[in-house]
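Grab a pencil and work through these short exercises with the structure open beside you. Each one sets a task and then walks through a solution.

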Amino acid sequence: MAKDVLDQRTQALVENQTAKQSSGLVGKKARLSAQLKKDEEAALQSLRSRKYRLAELGEAYTRADTRVVVERATITGGKATVQVTETSTLTYKKLRGDEPETTDIGTRYELTLTSKRGGTWELNSITSRDSGPVAVNEPVAAKPKTVKDDGNQYPDGTPASIKYPAEPKPKAKTGAYDYAAMARYAEKHWRKYNPSYRQFGGAGGDCTNFVSQALKAGGWKSAPGSSSDYRNWWYDKTRQSDSWVGANEFAWFTLSNHRATNLANVYQADIGDIVQVDWNGDGSKDHSMMVTYRSKAGIPYVTYHSTNTYRKSLASLIASYPDAVYFAYRT
């Protein structure tokens with residue numbers, strides 16, 4: 001059932017392919033509820049609109065593949081809760097010639113179903129269990145978890161323009177840090193988490209923890225001290241600094257310790273640079289990502305956790321969240 005719904009969403013983004021409008025039936029013994037059928041029709045329309053916005057930005061997909069694995073199912077009193085993981089691969093169309101081959105997404109969903117007469121089941125809802133930005137094939141933005149920040153007390157950084165194209169700002173590849181190693185680490189562990197580190201998917205998201213790991217792999221040194229002081233940055237077997245896992249604290253550490261500088265435009269970001277997003281413009285950063293590929297046309301591609309994502313173009317992120325506030329840091 002999940003495969004049927006999620007595959008329609010993904011196919012809605014593929015060039016020259018119109019998503020089939022769901023009949024609400026996914027088999028002899030399963031159907032969508034009336035409300036979910038309406039919701040999915042609206043979702044497909046939203047994704048088709050996103051496909052057109054991406055085309056205007058010079059991005060398209062030629063094929064898609066969606067796989068769904070059931071992790072757990074529980075049935076109590078005629079009601080079922082099912083947890084699944086969707087893995088989707090979208091193939092980039094070579095419009096400029098040097099796009100990556102694919103972008104890959106791993107999203108966890110929870111389904112709720114109700115037993116009906118005759119042994120049939122009705123799917124009532126399908127909800128993402130991840131706290132980060134929506135996947136490119138997910139139509140509805142998740143509500144961000146935020147922390148209070150007055151915008152004046154801390155070194156928050158300067159919002160970056162999202163206008164494309166941007167004035168080039170090449171990155172010096174020599175120095176203390178190995179940016180290729182940062183990207184290799186992120187692309188190795190975007191889906192298969194490094195068991196040497198704790199995971200924070202259920203505690204506000206794993207995105208900044210993942211970025212910190214990649215930066216350390218590329219040469220960032222620990223800054224010891226109190227875990228609650230944003231000027232410190234470290235991780236050990238039992239604890240970590242707030243700046244290691246918190247999006248706001250990470251930005252405050254990075255800028256106050258001169259580990260990075262602000263970029264004027266997100267499209268200037270290069271391999272090993274960090275992009276953060278404030279989804280609703282409330283002054284609190286909600287998400288952190290690392291650039292792991294950059295095309296010759298000046299499009300950065302980001303890899304991140306929560307939702308686990310490989311080489312998603314910034315263009316597709318901005319098409320999904322055009323009103324968010326973006327920050328870009330040259331590491």
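**Exercise 1.** Is D65 buried, partly exposed or exposed? Find its salt-bridge partner too, and classify that residue.

*Solution.* One thing to keep in mind throughout: this is a predicted model.
- Step 1: take the relative accessible area of D65, which is 33%.
- Step 2: compare it with the cut-offs: buried is under 20% and exposed is over 50%, with partly exposed in between. So D65 counts as partly exposed.
- Step 3: look for the partner. D65 forms a salt bridge with R67, and their closest N and O atoms are 2.1 Å apart.
- Step 4: R67 has a relative accessible area of 36%, so this residue is partly exposed as well.

**Exercise 2.** Work out how many salt bridges the structure holds, and which parts of the chain R9 and K93 help to link.

*Solution.* A bit of background comes first: side chains of opposite charge can pair when their charged atoms come close.
- Step 1: the count for the structure is 14 salt bridges.
- Step 2: start with R9. Its salt bridge is with E40, with 2.8 Å between the closest N and O atoms.
- Step 3: place both ends. R9 sits in helix α1 (residues 2-11) and E40 in helix α2 (residues 34-56), so the pair links distant parts of the chain, 31 residues apart. Both R9 and E40 are buried.
- Step 4: move on to K93, whose side chain meets that of E15 in a salt bridge (3.0 Å, N to O).
- Step 5: K93 is in the loop between β4 (79-92) and β5 (102-115), while E15 is in the loop between α1 and β1 (25-27), so this pair ties together parts that are 78 residues apart in sequence.
- Step 6: check the exposure. K93 is partly exposed at 28% relative accessible area, and E15 is partly exposed with a value of 28%.
- Step 7: for a group instead of a pair, look at R31, K116 and E122, which are linked in a network of salt bridges.

**Exercise 3.** Describe the surroundings of S313.

*Solution.*
- Step 1: find S313 in strand β11, which covers residues 308-313.
- Step 2: its relative accessible area is 0%, so S313 is buried.
- Step 3: list its contacts, skipping neighbours within four places in sequence: E59, Y92, I299, P300 and Y301.
- Step 4: pick out E59, because its side chain makes a polar contact with the side chain of S313 at 2.3 Å, inside the 3.5 Å cut-off.

**Exercise 4.** Do the same for L255, and say how far it is from Y329 in sequence and in space.

*Solution.*
- Step 1: L255 belongs to helix α6 (residues 247-256).
- Step 2: with a relative accessible area of 14%, L255 is buried.
- Step 3: leaving out residues up to four places away in sequence, L255 touches P155, D156, G157, A260, N262 and Y329.
- Step 4: L255 and Y329 are 74 residues apart in sequence, and their C-alpha atoms are 8.8 Å apart in space.

**Exercise 5.** Zoom out and judge how compact the whole chain is.

*Solution.*
- Step 1: tally the secondary structure: 7 helices and 12 strands.
- Step 2: the radius of gyration is 21 Å, close to the 20 Å the globule rule gives for 331 residues, so the chain is as compact as a globular protein of that length.
- Step 3: add the burial: 53% of the 331 residues count as buried.

How values were computed:
Residues numbered from 1 in each chain as written. Predicted model: local features only at pLDDT ≥ 70, side-chain atom pairs only at ≥ 80, totals over all residues. Heavy atoms only, no water. Helix = DSSP H or I, 4+ residues; strand = E, 2+ residues; numbered from the N terminus. Buried < 20%, exposed > 50% of the residue type's maximum accessible area, 1.4 Å probe, protein only. Polar contact = N/O pair within 3.5 Å; in protein donor to acceptor, adjacent residues only side chain to side chain. Contact = heavy atoms within 4.5 Å. Salt bridge = Lys/Arg side-chain N within 4 Å of Asp/Glu carboxyl O. Rg over C-alpha atoms; globule rule 2.2 N^0.38 Å.
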